[in-house]
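Hi,

Here is the structure we talked about. Have a look at it first, and then read on for what turned up in it.

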Amino acid sequence: MVRRCLVVAVVGLLGLTACSSPAEQAGQPSQPNPAAAAAPTPAPGGPYPFGTVQAKAPAVKDGKVGVVRRITTDKPYVFITMDDGAVKDPSALEEIQHSGGHPVLFLNQRYVKGHEAYFKSILDTTGAVLGDHTVNHPNLKGKPLAFQQKEICDDADAFKTGLGVRPTLFRPPFGNYDQNTLQAAANCGMRVAVLWSASVNDGVVQFQVGDKLRPGDIVLMHFRKTFKEDYEAFLAQAKKDGLTPVPLADFLG
């Protein structure tokens, strides 16, 4: 009986060690991530190592951030992003928390102002990451550098004050940008400009290539009246295509 108990104890200890993140093993605090165990499809080869850098964003070059439309990966991973913040769907927190989707929220201050508690609750409890989407959602392309810089920097500064986080991931409104945009983003402390390779509208997933989601696709949706339908359509499509939603931020470390 004693020998059997020792074996169980050793196996249990090994299991705990194998499931710990590198940060936890090193005694460093890891980002709270209550949705990590609820990913809709388990990653092959064991649990996905949430919060660990898997790949890095392009380096800032000549004072300009790089542009990423999708992630190069040989693993069945897909990424969800949510824009604007216009409609504060009360089901959003629960939907995200229970699914393990780990989105990036590219928000506009014009929609967040006065509703900080709503977005902060999502960021604090779902493993979501905050992104910069400008203050007022203008078409930046062709605008002077100073105009673009004010839109991007003011958005980030307001979020630092109101949400306690200053974002470093940036998405240009409408996906439109020019060289001034990339320079302004870098000047404001952004590390990369993130576009998308698929989207969800009115409960329908729309593909830029082919008829299914591909590993590495970055999917765009919005905080709209159809939030629940859109998010569940994304999850269903990802599952159908054998893909696991994982944190985009881990691949833009």
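Are the two faces of strand β3 (residues 104-107) covered or open? Keep in mind as you look that this is a predicted model. Both faces turn out to be covered. V104 and F106 sit on one side, L105 and L107 on the other, and all of them are buried. That pattern fits a general habit: in a regular strand the side chains alternate between the two faces of the sheet.

β3 also has a strand partner in β2 (residues 77-84), and the two pair in the parallel sense over four bridges. If you want a spot to click on, T81 stands opposite V104 in β3. Between these strands comes helix α3 (residues 92-99), and β2, α3 and β3 make a right-handed β-α-β unit. β3 is joined to β4 (residues 129-132) as well, again running parallel and with four bridges. There, L105 has L130 in β4 as its bridge partner.

Now the charged side chains. Side chains of opposite charge can pair when their charged atoms come close, and the count here comes to nine salt bridges. One of them links D217 with R70, with the closest N and O atoms 3.2 Å apart. D217 lies in the loop between β8 (204-207) and β9 (218-222) and R70 in the loop between β1 (66-68) and β2, so this pair ties together parts that are 147 residues apart in sequence. D217 is buried, at a relative accessible area of 1%, whereas R70 is partly exposed at 31%. R214 comes into the picture too: R70, R214 and D217 are linked in a network of salt bridges.

Two other salt bridges stay within a helix:

- K120 and D124 meet at 2.8 Å, N to O. Both lie in α5 (residues 116-126), four residues apart, about one turn of the helix. K120 is partly exposed at 32% relative accessibility, and D124 is partly exposed at 43%.
- D154 pairs with K150, the closest N and O atoms being 2.7 Å apart. Both are in α6 (residues 145-162), four residues apart, about one turn of the helix. D154 counts as partly exposed at 30%, while K150 counts as exposed at 54%.

One last stop is A249, in the segment after β10 (244-245). A249 is partly exposed, with a relative accessible area of 21%. A249 and T52 are 197 residues apart in sequence, yet their C-alpha atoms are 9.2 Å apart in space.

Cheers

Terms used: Residues are numbered from 1 along each chain as its sequence is written. This is a predicted model: local features need pLDDT of at least 70, side-chain atom pairs count only at pLDDT 80 or more; totals for chains, interfaces and linings use all residues. Side-chain values use heavy atoms; hydrogens and water are left out. Buried means under 20% relative accessible area, exposed over 50%, partly exposed in between (1.4 Å probe, protein chains only). Two strands pair if DSSP finds at least two bridges between them. A crossover is right-handed if, with the strands pointing away from the viewer, the path from the first strand over the helix to the second runs clockwise. A salt bridge is a side-chain nitrogen of Lys or Arg within 4 Å of a carboxyl oxygen of Asp or Glu.
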